[in-house]
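Open your viewer and get ready to click through a few stops. At each one you will hear what to select and what is there.

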Amino acid sequence: MTQMQNAQSVALQLEKVRDKLPLLYERDDILLTMIQQRGDVERVSSRNMRLPLQIRPGGKAGLANMDGGDLGRGSGTVYDVAQVTPIFFRHAVEITKLVEYASNSPEKAIENTAKREVKNAMAQFRAFLDKVMQTNGNGVLGTIGAIATTGLPSGVAAQFTMAKPPGAQLFYYNQTVQVYDPTLTTNRGSANVLLVDPFNSLLQVDSLPTGTSVNDVIVHDGLTGAQPTSLFGILYHQTNATTGTWLNLNRATYPVELATPAVNGNNSAITPGAVRLAINKVRKSLGSNQVSKLIAYTALEQEHQWEQLGVTISQIIKEGAGGRASDLDLLFTGEKTMAGVPIKSSINANQTRVDFLDLSHWGRAVMQDIDFYDVGGQTVFPIYGTSGGLSAAYIFYFVTGFQVWNESPRSGSYINNLAIPTGY
Amino acid sequence: MNALPHIRVTRETYETPAGISERLLAAGGTNLYGEANFRVVWGGSRLTWMGGRWTDRDESGNVIRETIETRRVPKYLPVERWHIERWMPAESYGSPEQWEAQTTEVEDGIRILALGPYPARGEYEHCFTLNGANGEFLPLSPAACDWIVRAVAWAKRQPRREQGGAIAAREARRNRDWNRDADDMLDDAVPAFHGAQFVGCVG
């Protein structure tokens, strides 16, 4: 009688949780999920998804002399096409047999190990994608502000002090990262993260790629070549830059139409005036009543700073009462607002910005929903040792292929260069 | 022929009942000018200056004109709600110089203060909107007024240092909630031994 192999059993468990993956992925405080829930999802092939944009109005209006006057010539609406191509991400999870054997019930352990690792891996994959979603489309997770190579623990090759924002917030332990020069032209090599200290913006790595210098940037694993392309995140879509490209369009061609209105915080604390100004820019651009779908997406630091201003009180009712004032919740939604715009804060958001987003204009071009990597129905794969024989471990992957688009950059606004409050 | 003219209401305006204003004054106290710290305003009645380039659109969203000017427009949206405001001192807005630097916009060579003049006597800012759990309209009834007064009184008692702790507690609670939900989902999908009963057998 053939004995059932562990890998077969684990595959069975993973298949059973397969339909739960999207549920595990969704969480309303994750920016990607908010886009998924409020924006569009378009199923696409490997060809570019095309987004027709009505960029400039047409026609020529003016006073006319109907007593034989020249009525002049006309013009037409200017259209252009933004394009977006999905990119793929993977998250590999590897489990050794020893993990399973660390229980008094091997079969039960197999199931528990699979479940636990699916949960942990999904949480980590979500967190990774959400972190990448904060970037400007090139996968840059941080910039090296200083490098130390002495006085470090054994096994640590270098310690980077990361420039803030975002500091070390977008990294996680044991992540493989790559160092690029500041122009994103030269890939200096890769390293594994051994320590992440977001409070002090420190990052320790197990190797220091040759040539690594201050002002170099660190990108996530998997990117190759010069000017790599990653997820088009907040900093990609919400910018008033007039150079570079946006969804295959040249920003210089449409310097006003593709620029998101911005308010410079000038390294000062957030003020009601700055918030009002940012919201008003959207109102003026879209019509004075078209801000009902806005959310104020920001970091916990700015959320706290806004509360310190003492403008709003609903969060105190909701969060600070410790249940003692729950009766008050019956009347108020308890939703925190910034000048009436609901606040969505994230630990991963840029600490110096508040982004006002109308997510109804955002969407995802999806080629592959999040799922196990599947080869002929098999989702768990053996690991091979150096001898060519099997290793006492197995591996499975989460994969997803998508890209994020925004059909109306002027439907949002942002405040940048805000001071980070003390204590963060 | 029916020649009656059609009247289109573009914005309703209401005054806050005096009784409610007095109750909020008693609950929230006064600022250094002797004015109420908290007040209730109707969205359609509360106007503010907004200057800059305006893009006006027709009902279909088509651009019909662009103009550079300062307009008096409703400060809060939606306009058909009661909003509770809190007075903010002038220093909340930075110095007049900072205000001018930050809010001055230049459009076609025209300098314009996007938020109007500096609020030298402070300004009332949006605190929360009186609406239901799904955003629906709630009338400014005596019961609603009671809730508002209690909220204001509650807010006045809260030390601000606790608010940072509240944010941290919320984040921790979100993580716990997700972990619990994930465990529930996975337990539901993959019960141990596929739901069959078992006992552990050591050694």
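Start in chain A of this predicted model by selecting the open sheet of 6 strands, which has the order 13-21-17-14-16-15 and mixed pairing. Now colour strand 13 (262–264) and strand 15 (337–338) of chain A. These two stand at the edges with a single partner strand each, so one side of each is left without a neighbour in the sheet.

Stay with strand 15 of chain A and add strand 16 (residues 341–346) of chain A: they pair in the antiparallel sense over 2 bridges. Which residue in strand 16 of chain A does A:Met338 stand opposite? Show the side chains and you will find A:Val341 there.

Next, select helix 8 (residues 300–309) of chain A. This helix lies across strand 14 (294–299), strand 15, strand 16 and strand 17 (354–358) of chain A. Turn the view until you can see helix 8 of chain A running at about 105° to strand 14 of chain A.

Time to move to chain B. Colouring by secondary structure, you can pick out 4 helices and 7 strands, and from the N terminus on they run α-β-β-β-β-α-β-β-β-α-α. Chain B has 203 residues, of which 42% count as buried. If you switch on the surface, chain B exposes about 11700 Å², with carbon and sulfur atoms supplying 52% of it.

Zoom in on helix 1 (residues 18–28) of chain B. Its buried residues are B:Ile20, B:Leu24, B:Ala27 and B:Gly28. Look down the axis of helix 1 of chain B: the buried residues fall within an arc of 80°, so they line one face of the helix. A general rule helps here: an α-helix has 3.6 residues a turn, so residues three or four places apart point the same way. On the face turned away from the buried side of helix 1 of chain B, select the exposed residues B:Ala18, B:Glu22 and B:Ala26. Just after helix 1 of chain B comes B:Gly29, with a positive phi near 75°.

For the last stop, find B:Lys75 in the loop between strand 3 (63–74) and strand 4 (82–88) of chain B. Is B:Lys75 buried or exposed? Its relative accessibility is 3%, so B:Lys75 counts as buried. Display what B:Lys75 touches, leaving out residues up to four places away in sequence: in chain A there are A:Arg276 and A:Arg283, and in chain B there are B:Arg46, B:Leu47, B:Thr48, B:Glu123, B:Tyr124 and B:Glu125.

Conventions
Residues are numbered from 1 along each chain as its sequence is written. Chains are lettered from A and ligands numbered from 1 in the order in which they are written. This is a predicted model: local features need pLDDT of at least 70, side-chain atom pairs count only at pLDDT 80 or more; totals for chains, interfaces and linings use all residues. Side-chain values use heavy atoms; hydrogens and water are left out. Buried means under 20% relative accessible area, exposed over 50%, partly exposed in between (1.4 Å probe, protein chains only). The arc is that of the directions from the helix axis to the C-beta atoms. Accessible areas come from the Shrake-Rupley method with a 1.4 Å probe; for residues, only the protein chains shown count as cover. Two strands pair if DSSP finds at least two bridges between them. Contact means heavy atoms within 4.5 Å. Axes are lines fitted to C-alpha atoms, for helices over the stretch in contact, and angles run from 0 to 180 degrees between N-to-C directions.
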